[in-house]
Amino acid sequence: MPFGDASKDWREQLKTEVGVFEVMHSLAITKYYDLAEKTLDQADLADKNNELAHAYVFYKRWVHIACDVIPKHNYYRDPRYQVHARSLVLQSREVEKALRQLVERMDVVAEEHAERSREKRAAHEARLREQRDE
């Protein structure tokens with residue numbers, strides 16, 4: 001099965017939990033950078049604890065904050081905050097790698113779940129056949 005196919009439905013359901021944030025220019029850009037950092041910490045912790053769904057939601061939330069929200073802030077291009085922007089670029093590479101590995105693990109779990117469901121269905125159908133034959 002191609003990469004990501006097995007867990008696609010699961011990940012689609014989780015996307016509703018990611019949330020969408022609009023940039024508020026009245027909020028200091030450093031608050032957004034802090035939010036991104038805390039979100040990444042939560043993602044890493046959930047990933048470390050093998051909480052796949054939580055890790056996926058937090059990583060995707062980080063991507064949204066880092067790629068969609070922060071760049072729209074009025075102070076994003078301000079030289080005073082470029083160290084933060086560069087840090088996001090470096091972190092994005094790590095997040096991309098972590099998300100890829102996470103999706104692979106989610107695929108395995110989804111495939112195992114599908115296999116157990118098929119086995120249960122087959123056992124149920126076998127019981128029904130036995131009852132009909134009696």
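What pattern does the protein chain follow, read along the sequence? I went through it end to end and got α-α-α-α. Note to self: this is a predicted model.

**Fold and overall shape**

I counted the elements next: four helices and zero strands. Then I looked up the extent. Along the principal axes, the C-alpha atoms fill a box of roughly 80 × 25 × 25 Å. I also checked the radius of gyration, and the protein chain has 21 Å, where a compact globule of 134 residues would have one near 14 Å. For burial, I find that 30% of the 134 residues count as buried.

**Salt bridges**

How many salt bridges are there? The count comes to four, and I wrote up three of the pairs, as follows.

I began in helix α1, where the side chains of E12 and K15 meet in a salt bridge at 3.2 Å, N to O. The two are three residues apart in that helix, so about one helical turn separates them. Both ends got an accessibility check: E12 is at 41% and counts as partly exposed, and K15, at 40%, is partly exposed too.

Helix α4 (residues 82-133) has a pair with that spacing as well: R118 and E115 are three residues apart, about one helical turn. Their side chains meet in a salt bridge of 2.8 Å, N to O. I have R118 as partly exposed at 42%, and E115 as partly exposed at 35% relative accessibility.

Then D78 with R80: the closest N and O atoms of this salt bridge are 2.6 Å apart. Is D78 buried or exposed? D78 counts as buried, because its relative accessibility is 16% and the cut-off for buried is under 20%. R80, at 57%, counts as exposed, so this bridge joins a buried residue to an exposed one.

**A negative patch**

Which residues form the negative surface patch? I noted D34, E37, D41 and D44. I followed up on D34, which is found in helix α2 (residues 29-48). Its relative accessibility is 37%, so D34 counts as partly exposed. That fits the patch rule, because patch residues need over 30% relative accessible area.

**E17, last check**

E17 is found in helix α1, which covers residues 8-18. With a relative accessible area of 47%, E17 is partly exposed. I also took its C-alpha to C-alpha distance to V89: 24 Å in space, with the two positions 72 residues apart in sequence numbering.

Note on methods:
Residues are numbered from 1 along each chain as its sequence is written. This is a predicted model: local features need pLDDT of at least 70, side-chain atom pairs count only at pLDDT 80 or more; totals for chains, interfaces and linings use all residues. Side-chain values use heavy atoms; hydrogens and water are left out. Patches are made of residues with over 30% relative accessible area and no salt bridge: like charges are joined within 9 Å, nonpolar side chains (Val, Leu, Ile, Met, Phe, Trp, Tyr) within 5 Å. Accessible areas come from the Shrake-Rupley method with a 1.4 Å probe; for residues, only the protein chains shown count as cover. Lys and Arg count as positive and Asp and Glu as negative; His and the chain ends are not counted. The place of a charge is taken as NZ of Lys, CZ of Arg, CG of Asp or CD of Glu. Buried means under 20% relative accessible area, exposed over 50%, partly exposed in between (1.4 Å probe, protein chains only). The radius of gyration is taken over C-alpha atoms; the globule rule is 2.2 Å times the number of residues to the power 0.38.
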